Amino acid sequence: MKKFFLGSLLAAASFSSTATIVEMKTSQGIIVINLFDQDTPKTVENFLSYVDDESYNQTVIHRSLSDFVIQGGGFTFSDDFDPITTKPAIINEPVFSNVKGTIAMAKVDGDPNSATSQWFFNIVDNSVGSAQLDTQNGGFTVFGQITEASQATLDNIAALVHCGETPVVGITAEQCASTDVTISSANLVTIQNVAIMDDDPNSAAGLTVTENTLIDSDTSTDSSSGSGGGLIWLLGAFLLAVPRLKRAK
């Protein structure tokens, strides 16, 4: 992984994009997202296909990492975490930078073109530093950004008690530390509905976003190189992250 001087990072370009606008209604508040239709078309088309068939409705936020990301789009919960049906993986489109307030696709470690349904919100600037999401694993595709007012919802989720990496409500930190803790859908952050508010791809023509200028400069072919290489987005890693959560009887 190449190292970059601060000056080159500050020179990262910003430019205008266009966007469809979607509203994600969660049990912790509303998140409004501007999607970058014209610059990441395959990714937006894929995301909207899950929106259109209501696959994201009643899914849960299964991972939240302090000063890093909030992740969802992969599981519902009845009496256990159940993966949703996914569609074929899509091509990577690392056009924009993984800065705070953006949404990007999660994928399998070591395979840039493996994103399906799961996504994550960058709750800090993850473009560089220990995360290096603009270059790690071919760069993570940012395909939208939230409105300023929506940040409060992400803050609410990040502030919740966590059992492992899963944010929960109605469960204390002490209970999470116990091997006897049980969980039901009422204890999880639920995505109740995702709906299109404005389907005009030019609905946010004045939106200013940050370009990923690092991906073309990175010559590393090893996705595990650098300090960000340990970030795993596999289902198995999620299951290992919450071994103490027991389903409610």
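**Rings, a disulfide and two odd backbone angles**

Biologist: Let's start with charges over rings: the charged end of Lys87 sits over the ring of which residue?

Modeller: This is a predicted model, so everything here is computed. The charged end of Lys87 is 4.6 Å from the centre of the ring it sits over. That ring belongs to Tyr50.

Biologist: Which aromatic cluster is Tyr50 part of?

Modeller: Tyr50 has company beyond that lysine. The members of its one aromatic cluster are Phe47, Tyr50, Tyr56, Trp119, Phe121 and Phe143.

Biologist: And Lys107, how far is it from the ring centre of Phe140?

Modeller: Lys107 lies over the face of the Phe140 ring. Its distance from the ring centre is 4.7 Å.

Biologist: How many aromatic pairs does the structure hold, and what is the geometry of Phe36 and Phe96?

Modeller: The count of aromatic pairs is nine. For Phe36 and Phe96, the ring centres are 4.7 Å apart and the planes meet at 70 degrees. Planes over 60 degrees apart count as edge-to-face, so Phe36 and Phe96 are edge-to-face.

Biologist: How many residues apart are Phe36 and Phe96?

Modeller: The pair links distant parts of the chain. Phe36 is in the loop between β3 and α2, while Phe96 is in the loop between β8 and β9. Phe36 is buried at 1% relative accessibility, and Phe96 is buried with a relative accessible area of 1%. Along the chain, their separation is 60 residues.

Biologist: What about Phe77 and Phe81: what angle lies between the planes?

Modeller: Both Phe77 and Phe81 are buried. They form an edge-to-face pair, 4.9 Å centre to centre, and the angle between the planes is 75 degrees.

Biologist: Ile90 is in the loop between β8 and β9; is Ile90 buried or exposed?

Modeller: Leaving aside neighbours within four places in sequence, Ile90 is in contact with Lys42, Thr43, Asn46, Asn113, Ser114 and Ala115. Glu45 is 45 residues from Ile90 in sequence and 9.9 Å away in space, C-alpha to C-alpha. The relative accessible area of Ile90 is 14%. Under 20% counts as buried, so Ile90 is buried.

Biologist: Which cysteines form a disulfide, and what is its handedness?

Modeller: A search of the whole structure finds one disulfide. It joins Cys163 to Cys176, with S to S at 1.8 Å, and both cysteines are buried. The torsion about the S-S bond is about -75 degrees, so the disulfide is left-handed.

Biologist: Which parts does the disulfide tie together?

Modeller: Cys163 and Cys176 are 13 residues apart in sequence. Cys163 lies in one element and Cys176 in another, so the bond ties together strand β12 and helix α4.

Biologist: Which residues of helix α3 are buried, and how much of an arc do they cover?

Modeller: In α3, which runs over residues 151–158, the buried ones are Gln151, Thr153, Leu154 and Ile157. An α-helix has 3.6 residues a turn, so residues three or four places apart point the same way. Here the buried residues lie on the same side of α3, because their arc is only 160 degrees.

Biologist: Asp67 and Asn137 each have a positive phi without being glycine; which of them is buried?

Modeller: Phi is near 55 degrees for Asp67 and about 55 degrees for Asn137. Asp67 lies in the loop between β5 and β6, whereas Asn137 lies in the loop between β10 and β11. Asp67 is exposed because its relative accessible area is 58%. With 2% relative accessibility, the buried one is Asn137.

Note on methods. Residues are numbered from 1 along each chain as its sequence is written. This is a predicted model: local features need pLDDT of at least 70, side-chain atom pairs count only at pLDDT 80 or more; totals for chains, interfaces and linings use all residues. Side-chain values use heavy atoms; hydrogens and water are left out. Helices (H or I, at least four residues) and strands (E, at least two) are DSSP runs, numbered from the N terminus. Buried means under 20% relative accessible area, exposed over 50%, partly exposed in between (1.4 Å probe, protein chains only). Contact means heavy atoms within 4.5 Å. A disulfide is a pair of cysteine sulfur atoms within 2.5 Å. The arc is that of the directions from the helix axis to the C-beta atoms. Rings of Phe, Tyr and Trp (its six-membered ring) pair if their centres lie within 6.5 Å; planes under 30 degrees apart count as stacked, over 60 as edge-to-face and the rest as tilted. A charge sits over a ring if NZ of Lys or CZ of Arg is within 6 Å of the ring centre and within 35 degrees of the ring normal.
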